[in-house]
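Welcome! Here is a short, friendly tour for anyone meeting this structure for the first time. Take a moment to look it over before reading on.

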Amino acid sequence: MQKEFNKKNLFFSKINRKLTLLFVIVGFVAPALAVYYFYTVAVSSFTEYIFVEQISLFNIIAIIIIILISINAGIIGFFVSQSISKPIKQLYNATLELEKGNYDFRVDIKTNDEIEELAHAFNLTSEALAKMEQERIEIDNAKTEFLSITSHELRSPMTPMKAQLQMLQEGYFGKLSKKQKESLSVIIRNAERLDNIIADFLEISRIEAARLKFDFRETDIKQLVKDTIAFMQGFAKEKNVTLVDKVKNLPLINADPDRISQVLRNLINNAIKFSDENNKIEVSAELKNDFILFGVKDYGRGISPDNQVRVFEPFYQVESSTRRKHGGTGLGLTICRGIVESQKGKIWVESQPGRGCKFNFTVPLTPVIDIEPIKILFSQKDVIERKIHEEFKAVLGPLGEVEFNELKNKNALSKDDLIKYIDSLNGLYILVPEKSEDFKNKIREIFGEEKEILAEKKNDMLYDNIEEVMLK
Amino acid sequence: MQKTILIVDDEPDVRDSVKIILETKGYKVETAVDGDDCLKKLNEIKPDLILLDIMMPGTPVDEVIKKIKGIKIAFMSVVRISEARKRGLCKQENIVDFLQKPFNVSDLVDRVGLILNE
């Protein structure tokens, strides 16, 4: 971070102060020594001629000379060090620019010495960085473009393929035997699945290229959730899962109902997969300050803390066996994240293994028209770890570095682990309660939770506990 | 009276599949391989509906549809309707439907029936 601007720093940077002091000392000691020698030599050679008055005059002159020389030396020292520290300051500011990602920044230092060489090397480095950044952007665009084109190309042959298969199935070319029908339905099911994967790829390429389309209009969220639940009822029935509508009264908002419904369908679909027979799934939506908070809560097997971060990664499956068992493309939650984050919303999961989980997402009341590209193909885990690392260093200083590494080695960087860890710091009086609460909220935020909901978290927990007691 | 449908698609497999489906359902079906071919065919026949792919080589579709007056057009495409709208393709008033590829056979039949029977 850039330090605040003040006069002291402008005139006397650290180098300035050190060098000026050095010059003053040298300027003081050198003439003092010279005068001292001159004095001793003079006194020893001309002892009999020196009067008392002359000695005191000598003393005064010597002191004045010493003071004048040291002042001069100080002034010279100031300018000399200024000439060194100024270009260093320039270089420092330039590195700050680099840190901000401004790779076109160049320093212009003409001191004809090592610092100029250093500045030249710096310019070369930032040039190289700029080139790398340019290449990175190009590769990134090429990747998105490739994904988009490939998906379209893959989709084209699906059209006649699906059509012909369905024609066979529907008896366009005569009746089929039972075995033929069975074989055909396997082919059709898998063609369908392949097509779904391709469609999801396309959706991801749109999200990554900020080409996702939103069609905003006045939307009745309550009705929307109701319709979505009705639509999903068919899927829920297969497992005899009950879908419970817990939506409170909401004002009409300007949003894209199809996109919200798409996210909800994905989450409900997911919840059904992880529910056991006869479970229920609760769908909620409530108004918070400037957004609507949606929730899909199931009472299935839950997700372990380790997996909670990673469920939004593409093709990430909680257990490798689940995909085969449940079908699905493995891209549903990734797309949900893309849609929600394109609207500057948040999406996260809370879960306790064995007790089900709740997926939350938020939709702002004012729609985001200018969509920005979102990198959803990256592993979120690395990004989150980096942020936690920074937070540790910021809150705990050098100790944070050590502690972070230790937690990382113990593989204890999940949200729950970190909250527990911060509580333990609080217990050891390393952090005051207020600060540790801030720290915890920062951690929760890093894990994607919406800031304003955190404030209400305490009350919710209390409420959960009451509910538990009542159930007993 | 038997209705006539003109299928315009650069992919022969798509043309053939749709042709068989619609002929089975009792329509008279003509085919064209691209936009230019479509306009040439329109000099000879006057179909009741044109099923038109949006992405084809040759003359761009937006220029082709400007020259088609008084005949219903239904688009077929792998791109989404929102993208077609963005390209300003769906404004013309004789454009009556948008079939997302890959389509279901029953869906195709239903929608064509709906368009031609109204």
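## A helix and its neighbours

In chain A, the buried residues of helix H5 pack against two other helices of the chain, H4 and H10 (332–342). Those buried residues of H5(A) are A:Ile198, A:Ala199, A:Phe201, A:Leu202, A:Glu203, A:Ile204, A:Ser205, A:Arg206, A:Ile207 and A:Glu208. Please keep in mind as you explore that this is a predicted model.

How far apart are the end C-alpha atoms of H5(A)? Helix H5 of chain A covers residues 178–208, 31 residues in total, and at 1.5 Å a residue it should span 45 Å. The end C-alpha atoms are 45 Å apart, so the model agrees with the expected span. After H5(A) comes A:Ala210, a residue with a positive phi, near 60°.

## The sheet in chain A

Next, let us turn to the strands. Chain A has an open sheet of 5 strands with mixed pairing, and their order is E2-E4-E5-E7-E6. Strand E2 (242–245) and strand E6 (347–351) of chain A are the edge strands, each pairing on one side only. From one strand to the next, the twist averages 15°.

Within this sheet, strand E4 (residues 280–287) and strand E5 (residues 291–298) of chain A run antiparallel and are joined by 7 bridges. To find a bridge partner yourself, start at A:Ser284 and look in E5(A) for A:Gly295.

## Helices against the sheet

Which strands does helix H6 of chain A touch? Helix H6 (residues 221–237) packs on the sheet and touches E2, E4 and E5 of chain A, and its direction makes about 175° with that of E2(A). Helix H7 (residues 257–274) of chain A lies across E2, E4, E5 and strand E7 (357–364) of chain A. The direction of H7(A) runs at about 20° to E5(A).

## Where the two chains meet

Now for the contact between the chains: 16 residues of chain A are in contact with 13 residues of chain B. On the chain A side, helix H4 (residues 114–169) gives the largest share, 11 residues. Sorted by class, the side of chain A that touches chain B has 5 nonpolar, 5 polar and 6 charged residues.

## A look at chain B

Chain B has 5 helices and 5 strands. Starting from the N terminus, its elements run β-α-β-α-β-α-β-α-β-α. Of the 118 residues in chain B, 33% are buried. Among the contacts in chain B with a separation of 6 or more, 56% come from residues 24 or more positions apart.

Note on methods. Residues numbered from 1 in each chain as written. Chains lettered and ligands numbered in written order. Predicted model: local features only at pLDDT ≥ 70, side-chain atom pairs only at ≥ 80, totals over all residues. Contact = placed C-beta atoms within 7 Å. Helix = DSSP H or I, 4+ residues; strand = E, 2+ residues; numbered from the N terminus. Nonpolar A, V, L, I, M, F, W, Y, C, P; charged D, E, K, R; others polar. Buried ≥ 20, exposed ≤ 12 C-beta atoms within 10 Å, placed from the backbone. Pairing = 2+ DSSP bridges. Axes fitted to C-alpha atoms, helices over the stretch in contact; angles between N-to-C directions. Expected span 1.5 Å × (residues − 1).
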